[in-house]
Amino acid sequence: MFQVGDYIVYGGHGVCQVKEIGLMKSSIDGQSRNCYTLVPCYSKETVIFTPVDNKKVIMRQIMTREEAEGLIDHMKEAEPLKISDEKRREQSYKDAMHTCEADQLVKMIKAIYQRSQRRTRQGKKATDSDSRYFKMAEDCLYGELALSLEIDKEKVGESIKSRIGNE
C-alpha cells in the first residue's frame, strides 16, 4: 500500500501524488472501500479517486534515481518495439502504453522515431497516430524521469542527451 505523499505511476494518467487515503462509499454497491485520492503531477486540476485494491489500473511506485539513471544509460542499447503486423501498429502502441513500464515506453519511442526517420527519407510525414503516441509516451516517461531525477520535466530531454549523447 502506498502512503500519503508518495509519487506513483497510475495508468494512463502518468505520475500522480497520493494526497489522501480513506474510506469512500461506492456509488455502485453502497459499500465503503479504502481509496486513494490522487493528483496527477502535470494536471493539477484533476483529482482521481481509486480503490486501494484496484486491479484494473496499473499502479506502481516511481523509479528511484538509480533506476532512472540506469534506464537512461541503457537507452542506446534498447531494442525498438517490435511491430509484427503493420495493421496492428496502433494496438501495439496501446499495449506498450498500458504496461506503464518505462522500458516499454523507451522501446515505443525508439520505434516511432526510427519509423519517422524512414518516412522522412521517403519524403513522407509522420502519421497522426505515430505523432500522438510518441507524445503520449514521451510525456509519461519524461514525467516520471523528472521526478526521479529531481529536475524540471522540460529539461529531461536535455539531460538524456547530455548523459548518452545525441543519436
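For these notes I take helices as DSSP runs of H or I with at least four residues, and strands as E runs of at least two, numbered from the N terminus. I'm working from a predicted model, so I keep that in mind throughout.

**Overall layout**

I counted elements and got five helices and five strands in the protein chain. Reading from the N terminus, the order is β-β-β-β-β-α-α-α-α-α. I then checked the extent: the C-alpha trace spans about 60 × 35 × 25 Å along its principal axes. Of the 167 residues, 42% come out as buried. I also looked at contacts with a separation of 6 or more, and 54% of them join residues 24 or more positions apart.

**Strands**

I started with β1 (residues 7-10) and β2 (residues 15-25), which run antiparallel and are joined by three bridges. Tyr7 sits opposite Gln17 in β2. The two strands make a hairpin with four residues between them, and Gly11 in that turn has a positive phi of about 45°.

Next I followed β2 across to β3 (residues 32-40): nine bridges here, again antiparallel. On this side Val18 faces Leu38 in β3.

**Cores**

Which residues have the most contacts inside the largest nonpolar core? I found Leu71, Met75, Met108, Leu141, Leu145 and Ile160, in a core of 29 residues. The elements giving two or more residues to this core are α1, α2, α3 (102-121), α4 (128-149) and α5 (156-164). α4 gives the most, with eight residues.

I picked Leu71 for a closer look. Leaving out residues up to four places away in sequence, Leu71 touches Met63, Ala102, Asp103, Val106, Leu141 and Leu145. There is also a second, separate core of nine residues, which includes Ile8, Cys16, Val18 and Leu38. I had already met Val18 and Leu38 as the opposite pair from β2 and β3.

**Ser84**

I wanted to know whether Ser84 is buried or exposed. Ser84 counts as exposed because its relative accessibility is 80%, and the cut-off for exposed is over 50%. I placed Ser84 in the loop between α1 (65-73) and α2 (89-99). I also took the C-alpha distance from Ser84 to Val106, 22 residues apart along the chain, and got 18 Å.

**Surface and charge**

The protein chain exposes about 10,300 Å², and carbon and sulfur atoms supply 49% of that. For charges I tallied 28 positive and 27 negative side chains, and the centres of the two sets lie 6 Å apart.

How values were computed
Residues numbered from 1 in each chain as written. Predicted model: local features only at pLDDT ≥ 70, side-chain atom pairs only at ≥ 80, totals over all residues. Heavy atoms only, no water. Buried < 20%, exposed > 50% of the residue type's maximum accessible area, 1.4 Å probe, protein only. Core = buried A, V, L, I, M, F, W, Y, C linked by side-chain atoms within 4.5 Å. Contact = heavy atoms within 4.5 Å. Pairing = 2+ DSSP bridges. Areas by Shrake-Rupley, 256 points an atom, 1.4 Å probe, with all protein chains shown as cover. Lys, Arg positive; Asp, Glu negative; His and termini not counted. Charge placed at Lys NZ, Arg CZ, Asp CG, Glu CD.
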